[in-house]
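Hello,

Here is the structure I promised to pass on to you. My notes on what turned up follow below it.

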Amino acid sequence: MEIAELYKLYQQHPRITTDSRDCPKGSIFLALKGESFDGNQFAASALEKGCAYAIIDDKSVMPDGDNRFILVDNCLQTFKDLAREHRRQFDIPVIGITGTNGKTTTKELVAAVLSQKFNVLYTQGNFNNDVGVPKTLFRLTKDHEIAVIEMGASHPGDIKTLAETAEPTCGLITNVGKAHLQGFGSFEGVIKTKCELYDFLRTRQDSLIFINADNEYLINQIGDDEEIWLSPYSTDPDNQYSCISGEIIACDPFLKFRWREPLMTLEEEGRSTKWHKVQTQLIGSYNINNLLAAIAVGINFGVDRKKICAALEEYTPSNNRSQMTITAKNHLVVDAYNANPSSMQAALENFSLMQADRKMAIIGQMGELGADSDKEHQLLVSNLEAAGYDEVWLVGDNFKDIPCPFRKFHNTEEVKAAIKEHTPEGYYILIKGSNSNKLFQLPELL
């Protein structure tokens, strides 16, 4: 069955489920495969529970004469193709966002700003892969006026595939750093993969890229390409004639900053060159680039300046990203969702700037670094030694053979036992690690 024909069927049954435990009456079941499951094996069950059709790619589960089973070559590819067909029904701006660090926070900030003027569809949680992006696109309705789609990657070609599915009209790469090196092969592989978003936008007429003008890696990827429209932002005041510019006022611990539009633009429109001040609820000086990116998007789409500031001030981080939690015993800086060499360095630099009598860091190991793992963990330990925190706990076997004066733990369960035995008190505590470390279980104990 061709995608156009299959999409007509979807229009008659506008609900696709990939979970045989959730089968609304009249929906379409699509059999995806995972490391430990094969959706084809649950197709018949999905039909029994109420699905009208089941899309499969294993002929052996298809009974003779049952036209409710639709056989395709590859269910995942069909899922993406159908999602793209659905996206094409809506002539609205679609902003694709990727990057090594900060893409989820930036997506949330961009959505918050745009929501001041538009009905916005945006990625929920971390639905940013080849299953999550189609699921997000299928949420598009005629009521949406703009879409913000987060795109994640761990291997070359991932962003290319997601861009071809979502077909963004605008793009934003937050940054490029050392993450998933095992999958990308090298830092250069990271840059090439993230910039597949730029490559896609080059194929579209009148596409727009929001770019950090301070990031030489990203600027070099654009070069002298005059076919792409750029909306730059910068933390360099000397860049103010071509960029939205911003600078940090304070970070104690919440980030306060100010920003203004390019002076040339302001002068052309006869408006004041005054700065806009914003007091955020975000921890981390590194977030200024994420905030400026959201401002650049908001300005481009005509959001009122005061409303932009209000949206940024009202935004509250969640999901263990740059959160400050004050307990009866400690002040906790929780950033326990993602960890790689670039984000670790940024977190340590920011934590070192915080004014506190006693500081402690609980640091989880970094994954997917391949051959660079030992080197990067050794560098992390050296940075921790140089930081001079009062107490440091290292979690994970990647730290096991690194000589240092810090306390080491095999896993978070051992850390929890140590806390219960003797709870640290009176500290500012940085909790930093990837989601797989499960450090997010610690705040309630501290």
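The salt bridges in this predicted model come to 16. One of them pairs E167 with R88, and the closest N and O atoms of the two lie 2.6 Å apart. This pair is a nice place to start looking, as it ties together distant parts of the chain, 79 residues apart. E167 sits in the loop between α6 (158-166) and β8 (170-173), while R88 belongs to the loop that runs between α3 (75-87) and β5 (94-98).

Both β5 and β8 turn up again in an open sheet of 9 strands. If you trace across the sheet, the order reads β6-β7-β5-β8-β9-β10-β11-β12-β13, and the pairing is mixed. The edges are taken by β6 (120-122) and β13 (276-283); each has a single partner strand, so one side of each has no neighbour in the sheet. From one strand to the next, the twist averages 20 degrees.

You can see both senses of pairing within this sheet. Strands β9 (208-212) and β10 (229-234) run parallel and are joined by 5 bridges, with N212 having Y233 of β10 as its bridge partner. By contrast, β11 (244-251) and β12 (254-260) are antiparallel, with 6 bridges between them, and a hairpin of 2 residues leads from β11 to β12. Here E247 has R258 in β12 as its bridge partner. On the way to the edge, β12 also pairs with β13, again antiparallel, over 5 bridges. R258 is worth a click in this region: K277 in β13 stands opposite R258, and E247 is its bridge partner as well.

There is another open sheet to look at, this one made of 6 strands. The order is β14-β15-β19-β16-β17-β18, and the pairing is once more mixed. At the edges stand β14 (323-326) and β18 (407-409), each with a single partner strand, so one side of each is left without a neighbour. The twist in this sheet averages 15 degrees from one strand to the next. At the β14 end, β14 and β15 pair in the antiparallel sense over 4 bridges, and Q323 stands opposite V334 in β15. Helix α16 (412-421) packs on the sheet, where it touches β17 (391-395) and β18. The direction of α16 makes about 145 degrees with that of β17.

Finally, the cavities. How many of 30 Å³ or more does a search of the whole structure find? There are 2, and the largest has a volume of about 40 Å³. Its lining is made up of I283, Y286, V333, D335, A347, N350, F351 and L430. Two elements give two or more residues each to this lining, namely β15 (331-335) and α14 (341-353). The largest share, 3 residues, comes from α14. By type, the lining divides into 6 nonpolar residues, 1 polar and 1 charged. The two sheets meet the cavity in an interesting way: I283 is in the lining and lies in the range of the edge strand β13 (276-283), while β15 of the other sheet also contributes to the lining.

I hope you enjoy exploring it.

Best wishes

Conventions:
Residues are numbered from 1 along each chain as its sequence is written. This is a predicted model: local features need pLDDT of at least 70, side-chain atom pairs count only at pLDDT 80 or more; totals for chains, interfaces and linings use all residues. Side-chain values use heavy atoms; hydrogens and water are left out. On a 1 Å grid over the protein atoms alone, a cavity is a set of points where a 1.4 Å probe fits but cannot get out, and a pocket is an open set with protein on both sides within 12 Å along at least five of seven lines; lining residues have an atom within 4 Å of a point. Grid points are joined across faces, edges and corners, and a volume is the space filled by probe spheres set on the points. Ala, Val, Leu, Ile, Met, Phe, Trp, Tyr, Cys and Pro count as nonpolar, Asp, Glu, Lys and Arg as charged, and the others, Gly among them, as polar. Two strands pair if DSSP finds at least two bridges between them. Axes are lines fitted to C-alpha atoms, for helices over the stretch in contact, and angles run from 0 to 180 degrees between N-to-C directions. Contact means heavy atoms within 4.5 Å. A salt bridge is a side-chain nitrogen of Lys or Arg within 4 Å of a carboxyl oxygen of Asp or Glu.
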